[in-house]
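Let us walk through this structure step by step. Keep the sequence and the 3D view side by side.

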Amino acid sequence: HSNHTIIVILSVILYQTVAVGSLTDNIEVDPETGDLWVGCHPNGFKLFFFDPNDPAGSEVVRIQNILSDKPQVTRVYEDDGHVLIGSSVAATYGGKLLIGTVFHKALVCDLK
């Protein structure tokens, strides 16, 4: 039998960095607008050292015009952990925002 080698070359180009003021997790791209929806952790320490009496909070950030000189960052959801613990992803569909978590429940919100 013969040895086969597969060589994969990946080219990654950094187009933009944007400060969001939170520990980011998963990033979803809105296919219609190109906006980025980011599930965030406002306090990573609380996420990794879970205390039910002082739960990790949740944040969702929307980034518009990511490839422009001035991307717009909007915090569209924030909670201290008493409604939603440890948000990790956010996506939109049909005028709704769906927020998923690391180990808690999911939340559906109206975008209006």
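Which residue forms a salt bridge with Arg62? The partner is Asp35, and the closest N and O atoms of the two are 2.6 Å apart. Keep in mind that this is a predicted model.

Look at where the two residues sit. Arg62 belongs to strand E3, residues 58–64, while Asp35 is in the loop between strand E1 (23–29) and strand E2 (36–41), so the salt bridge ties together parts that are 27 residues apart in sequence. The two ends differ in their surroundings. Asp35 is buried, because its relative accessible area of 6% falls under 20%. Arg62 has 23% relative accessibility and counts as partly exposed.

Side chains of opposite charge can pair when their charged atoms come close. The whole structure holds four such salt bridges. Another one joins Lys46 to Asp54, with 2.9 Å between the closest N and O atoms. Lys46 is partly exposed at 23% relative accessible area. Asp54 is also partly exposed, at 36%.

A further salt bridge links Lys96 and Asp110. Here the closest N and O atoms are 2.4 Å apart. Lys96 lies in strand E6 and Asp110 in strand E7, so this pair ties together parts that are 14 residues apart in sequence. Lys96 is partly exposed, with 36% relative accessibility. Asp110 reaches 52% and counts as exposed, because the cut-off is over 50%.

That salt bridge leads to the sheet. How are strands E5, E6 and E7 ordered? They form an open sheet of three strands in the order E5-E6-E7, with antiparallel pairing. Strand E5 (87–93) and strand E7 (107–110) are the edge strands. Each has a single partner strand, so one side of each is left without a neighbour in the sheet. On average, neighbouring strands of this sheet are turned by 25 degrees against each other, direction ignored.

Now follow one pairing in detail. E5 pairs with strand E6, residues 96–101, in the antiparallel sense. Six bridges make up this pairing. Along it, Ala90 stands opposite Ile99 in E6.

Turn next to an annotated spot. Which residues does UniProt mark with the feature "binding site"? The record, an unreviewed entry, places this feature at Asp25 and Asn26. Asp25 sits in strand E1, and Asn26 is found in strand E1 as well.

Are these residues buried, or are they partly exposed? Asp25 is partly exposed, with a relative accessible area of 32%. Asn26 is partly exposed too, at 36%. Their side chains meet in a polar contact of 3.5 Å.

What lies around them? Leaving aside neighbours within four places in sequence, Asp25 is in contact with Val38, Gly39, His41, Ser88 and Val102. With residues up to four places away in sequence not counted, Asn26 touches Trp37, Val38, Gly39, Ser88 and Val89. Val38, Gly39 and Ser88 appear among the contacts of Asp25 and among those of Asn26.

To retrace the route, start again at Arg62 and its salt bridge with Asp35. Go on to Lys96 and Asp110, which connect strand E6 with strand E7. Cross the open sheet in the order E5-E6-E7. Finish at Asp25 and Asn26, where UniProt places its "binding site" feature.

How values were computed:
Residues are numbered from 1 along each chain as its sequence is written. This is a predicted model: local features need pLDDT of at least 70, side-chain atom pairs count only at pLDDT 80 or more; totals for chains, interfaces and linings use all residues. Side-chain values use heavy atoms; hydrogens and water are left out. Two strands pair if DSSP finds at least two bridges between them. Helices (H or I, at least four residues) and strands (E, at least two) are DSSP runs, numbered from the N terminus. Axes are lines fitted to C-alpha atoms, for helices over the stretch in contact, and angles run from 0 to 180 degrees between N-to-C directions. A salt bridge is a side-chain nitrogen of Lys or Arg within 4 Å of a carboxyl oxygen of Asp or Glu. Buried means under 20% relative accessible area, exposed over 50%, partly exposed in between (1.4 Å probe, protein chains only). UniProt positions are given in the numbering used here, feature names are shortened, and annotations may be inferred rather than shown by experiment. Contact means heavy atoms within 4.5 Å. A polar contact is a pair of N or O atoms within 3.5 Å; within protein, one must be able to donate a hydrogen and the other to accept it, and residues adjacent in sequence count only if both atoms are side-chain atoms.
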